[in-house]
2 protein chains.
Amino acid sequence: MKEHDHAGRPRATLEDVAREAGVSRATASRAIRGGDLVSSANREAVQEAVERLGYVPNPAARSLVTRQTDTIAVVVPEHDDRIFSDPFIGRTIAGVGEALADTPQQVVLLMRSRSRGNEQLAAYLRGGHVDGIVVVSHHRDDHLAREIARSQLPTAFIGRPLEDGIDLPYVDLDNVAGGRLAAERLLASGMRHPATVTGPQDMVAAIDRLAGWGEALRAAGLDDSVRYEGDFTMLPAQELGRRLFEEHPEVDGVFAANDLIAVGVMNAARERGLRVPGDVRIVGFDDTPLGMSTHPQLTSITNPAGELARIATQLVLDQLAGERPAWPVILTPELVARESA
Amino acid sequence: MKEHDHAGRPRATLEDVAREAGVSRATASRAIRGGDLVSSANREAVQEAVERLGYVPNPAARSLVTRQTDTIAVVVPEHDDRIFSDPFIGRTIAGVGEALADTPQQVVLLMRSRSRGNEQLAAYLRGGHVDGIVVVSHHRDDHLAREIARSQLPTAFIGRPLEDGIDLPYVDLDNVAGGRLAAERLLASGMRHPATVTGPQDMVAAIDRLAGWGEALRAAGLDDSVRYEGDFTMLPAQELGRRLFEEHPEVDGVFAANDLIAVGVMNAARERGLRVPGDVRIVGFDDTPLGMSTHPQLTSITNPAGELARIATQLVLDQLAGERPAWPVILTPELVARESA
DNA sequence: CTGAAAGCGCTTACAG
DNA sequence: CTGAAAGCGCTTACAG
């Protein structure tokens, strides 16, 4: 069963190119991979043959001998609904792709399967399909860190890995500082009754943001106990917002652990007839485009997804090149003041 | 350069398994792939050896002989910002993954590259990395249909391909009927001055929705000339909405070609102090979760992404199995009445 | 049901 | 700079 092209001819092989160019397979191979140890005459002959034949190297054959697949996995242990609705995750995935644009590496997106959880994903990683891994949106119990550590593959986490005894390269935002920034902004605008809707407490970003928030509140002598645990998505956050304003009508400042949560809380506030920022001030996180389309526009904390992705990718690329890059890399968040707080 | 596992041993090969189980490579291979022509004693021995050694077949070696890659590409010729913000696209990608969950096939997501456009994507397809292709969000001039037709790979488009002389399997929603549905709803609620913000007119969904809309309006004796061309995203749609209400203050009904556009238009209406649906009624399209989080909630037209993805995937799988599936498959949209119209 | 052998399409020391 | 040859790790007729 041979492969055929659109004209019905079997797909050209290196052997065909070599014959057509009048050289051996070895020099054809060298010429194609831009080898420097090929005479320019032969290089040209091969080049022409390649074009005439429409030759494309068989990646399986190449991988078999080079032991490289030229593909990097972006692992996102989340379901599609979150992956395709959270702008931060999207920017991150795209960022890896952009960072790899000038390399031969391809990106493959691996997400949590609805039917088989992370097991399918782990099996793929184990299967030798990829040369390196970038992980984003890791949860404490997804067992990914352990699995990946065992794989010995070049890896970088975006966000500090959470499993015990795991020591893997990562890049992260200083989320504690981010939480503090949110508190300080709200404090400065006169908030007396703070509340927060957090992210899931099995994720390091959510944990750290809450830590920074609580720390700053306590330092200011305020109560930090009003908190609702969300999951970084909008609709559940909206429901949480309803409960929040119901159970704590005195609240006049809310730190939402990401912009999606912020929009949910803002909707809940509007439903209650609360004005933002008049009655209640809201600060989001991630500084996504979403925040510019709300009314009022959202004050938020930066979380440079593209930059994090770029650095994580470089961490993997360095390991692939046999180097030992320095890590962790920690970026500093900033507050973007708009209208909501 | 051998591959090593976490204990420093080179990765086990089929040869190792065969030796360990006391059989030939051939029967080891048969046993592993669930071959029926292996004695149960040998099957068990091989099974044990596989586990003891932690053996995982080398996919490159297997592909080289089977000429199958066990991967299906989901091709989305859009930039990341749209892919990761449009719920319809996200559901579609995830739907392909779900439809493949019980097969050995893996999904790889191919999107338009910022630096190299669709060329990189086409090169990957040409490279023999995949067994089949599902295309979503195709544009008239992305040259994908032609490229894919030449590749001879099993393919299915979600949305009728637009290039001339291309005859490729596809599944689609009856978007003309959808546009009509929107018009009828608005007409029934007493709209006298219709307007529409369309999708990009190089996409079949956008073209067809507009056609159905215009047709129904003219049938009702109304003017269908007030139209603004959007690109299926929210922020530009919001700007278009501003212009619309500025230039046509008489408008009392808007058909937005998708929910993202609808949200943009709704925001623009609110900015102008227009009440929805009091002053202006709005119908969206795609019936995404987004529409349930707006105020008022969005009346929309269904566009079953998961179902479309499932059918498209099946179309590809059938071709892979050497069958000739019937196409096109056309689904019928329905109106979901909520608050905005 | 089983094994020896050929072959998939490349790359890469090695010798020249 | 070049070619003959070995080898990457599998699968699959073929003969038994």
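1. A quick definition before we start: a residue counts as near a strand if one of its heavy atoms lies within 4 Å of it. Keep in mind as you read that this is a predicted model. Now look at DNA strand D: of its atoms within 4 Å of the protein, 67% belong to sugar or phosphate, and the rest to bases.

2. Who sits around the DNA? DNA strand D is surrounded by 29 residues. The closest come from both chains: Arg30(A), Asn42(A) and Arg67(A), plus Arg25(B) and Ser29(B). If you sort the residues of this surface by type, you get 13 nonpolar, 8 polar and 8 charged.

3. Zoom in on some arginines. The side chain of Arg67(A) has an N or O atom 2.3 Å from a phosphate oxygen of DNA strand D. On the other chain, the side chain of Arg62(B) places an N or O atom 2.8 Å from a phosphate oxygen of DNA strand D. With Arg25(B) the partner is a base nitrogen of DNA strand D, 2.4 Å from an N or O atom of the side chain.

4. Which elements give two or more residues to the surface near DNA strand D? They are helix 2 (25-32) and helix 4 (59-66) of chain A, along with helix 2 (25-32) and helix 4 (59-66) of chain B. Helix 4 of chain B gives the most, with 5 residues.

5. Let's move on to a sheet in chain B. Here 4 strands make an open sheet, in the order 7-6-8-9, and the pairing is parallel. Strand 7 (227-229) and strand 9 (281-283) of chain B are at the edges with a single partner strand each, so one side of each has no neighbour in the sheet. From one strand to the next, the twist averages 15 degrees. As background, strands of a sheet pair through backbone hydrogen bonds.

6. For a closer look at one pair, try strand 8 (residues 253-256) and strand 9 of chain B, which run parallel and are joined by 3 bridges. Gly253(B), for example, has Arg281(B) in strand 9 of chain B as its bridge partner. Lying across strand 8 and strand 9 is helix 9 (residues 175-188) of chain B, which runs at about 160 degrees to strand 8 of chain B.

7. Finally, how do the two chains relate? A turn of 180 degrees and a shift of 0.0 Å along the axis lay chain B on chain A with an RMSD of 0.0 Å. The two copies are therefore related as by a two-fold rotation axis. Both copies use the same surface, since 100% of the contact residues of chain B recur in chain A.

How values were computed:
Residues are numbered from 1 along each chain as its sequence is written. Chains are lettered from A and ligands numbered from 1 in the order in which they are written. This is a predicted model: local features need pLDDT of at least 70, side-chain atom pairs count only at pLDDT 80 or more; totals for chains, interfaces and linings use all residues. Side-chain values use heavy atoms; hydrogens and water are left out. A polar contact is a pair of N or O atoms within 3.5 Å; within protein, one must be able to donate a hydrogen and the other to accept it, and residues adjacent in sequence count only if both atoms are side-chain atoms. Ala, Val, Leu, Ile, Met, Phe, Trp, Tyr, Cys and Pro count as nonpolar, Asp, Glu, Lys and Arg as charged, and the others, Gly among them, as polar. Two strands pair if DSSP finds at least two bridges between them. Axes are lines fitted to C-alpha atoms, for helices over the stretch in contact, and angles run from 0 to 180 degrees between N-to-C directions. Contact means heavy atoms within 4.5 Å. Copies are superposed by least squares on the C-alpha atoms of residues with pLDDT of at least 70 in both.
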